[in-house]
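Dear colleague,

I am passing on a structure that I would like you to look through at your own pace. Please open it first, and then read the notes that follow beside it.

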Amino acid sequence: ASGLAITGCGSAVPAASLNNHGLSEIVETSDEWIASRTGIRSRHLASPQESLVDIAVEASRGAIASAKINPEDLDLIILATSTPDDLFGTAGKIQIQLGAKRAVAFDLTAACSGFVFGMVTAAQFIRTGVYRNVLLIGADILSRWVDWNDRRTCILFGDGAGAVVMQANEQDHLLGFMLQSDGTKHDQLNLAYQPEAKPLANLTIGQGGFAPITMNGQEIYRFAVKRVPEVIGKALFHAGCTVEDIDWLVMHQANQRILDAVAQRLKLPAEKVVSNMAEHGNTSAASIPLALDAEIREGRIKVGDKIAAAGFGAGLSWGATIFEW
Ligand code: ACO
């Protein structure tokens, strides 16, 4: 059995962005309403020519370069996403574009918890000695699936990708984790298949597309504020750490009020709480590695710092990892 370390990270967003003023020309809203309730001021949005693969590959190249490995070194690629270019799986296309010839590649879906669930999945392969070098990507293009007439949801989301390289390492840098699910609240946040009846010979089958995102905002808010501090506490317990040991909290970037409330419940000072919502909005599986990458590149997160990462969202699902950079 081996330990593991996170040895590189990268990120990418589509070139174009739309600020709250621009949004207020599409739906009846205002910069003041959006910023005061969510902390979001702008979001990057993908053009039809930009694919999930494009931004995932760019983020991955950054992670591979900063880990100082070659794509051929990769054993495994996990793509955490809810918005693949191809429902049959998108990770394989990323594998080929990176030139990661040896790697096995698959998609993992856990909505806004995807990155944290992916980190724990990757860790199992490394700890059992099966794989040594893993690329974990969190990427989503939710703008494809948002109802742009629904001001309760369309103001929240943005597009992006982030990636980390996780490698076998003598000293284990993943100190603890906890993952949780509650399917009883599944219908509170959905991007669901909506079949239309289609007669076929003597049968009727379902065909058609997906409904846009639907969300019970207040229920999700209550869920996050209650469950996220809890799950961080459990992961800290497994890590043998306390809140005082945390240098940085990198949460899923859903809403500034959720970040503030979680930090307050944990009694964690605001300066330890990473936030990039103002520029990116909620980028789902990408939000944690996007935020992490910016902090590392700008030199705020330093080698040896202890990080609590927490994801939460549809499923409902939520989870936390405690790791050392
Ligand atoms: N602009 C202006 N007015 C709006 C907007 C908008 N964009 N959206 C809603 N309103 C109006 C509503 O119509 C309502 O008006 P009414 O009272 O006349 O009916 C009023 O504002 C209040 O609406 P609420 O839905 O009660 O607003 P709330 O204060 O709950 O804020 C929000 C909504 C920001 C979504 C909040 O519920 C929240 O942050 N929830 C967390 C959900 C979240 O972050 N989800 C992210 C996706 S899931 C994830 O990533 C985990």
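The domain bounds used in this email come from an automatic or database domain assignment. On that basis the protein is divided into domain 1 (3-171) and domain 2 (176-185 + 212-324), and the centres of the two domains, taken over C-alpha atoms, are separated by 16 Å.

Before going further, please keep in mind that this is a predicted model, in which local features need pLDDT of at least 70 and side-chain atom pairs count only at pLDDT 80 or more, while totals for chains, interfaces and linings use all residues. Residues are numbered from 1 along each chain as its sequence is written.

As for the overall form, the C-alpha trace spans about 55 × 50 × 40 Å along its principal axes. The radius of gyration (taken over C-alpha atoms) is to be set against a globule rule of 2.2 Å times the number of residues to the power 0.38; for 325 residues a compact globule would have a value near 20 Å, and the protein has 19 Å, which agrees. The protein contains ten helices and 15 strands, where helices (H or I, at least four residues) and strands (E, at least two) are DSSP runs numbered from the N terminus.

Turning to the meeting of the domains, two residues are in contact if their C-beta atoms, placed from the backbone, lie within 7 Å. The contact between domain 1 and domain 2 takes 44 residues from domain 1 and 41 residues from domain 2. On the side of domain 1 that touches domain 2, the elements giving two or more residues include β1 (3-12), α5 (114-127) and β6 (133-141).

Where does the ligand lie with respect to the two domains? Both domain 1 and domain 2 give residues to the shell around the ligand, so the ligand lies between them. A residue counts as near the ligand if its C-beta atom, placed from the backbone, lies within 6 Å of it, and of the 22 residues around the ligand, T29, G217, Y221, A254 and G313 come nearest. At least two residues of the shell are supplied by each of α2 (31-38), α6 (151-154), α7 (217-239) and β14 (306-313). The shell divides into eleven nonpolar, eight polar and three charged residues, with Ala, Val, Leu, Ile, Met, Phe, Trp, Tyr, Cys and Pro counted as nonpolar, Asp, Glu, Lys and Arg as charged, and the others, Gly among them, as polar.

With best wishes
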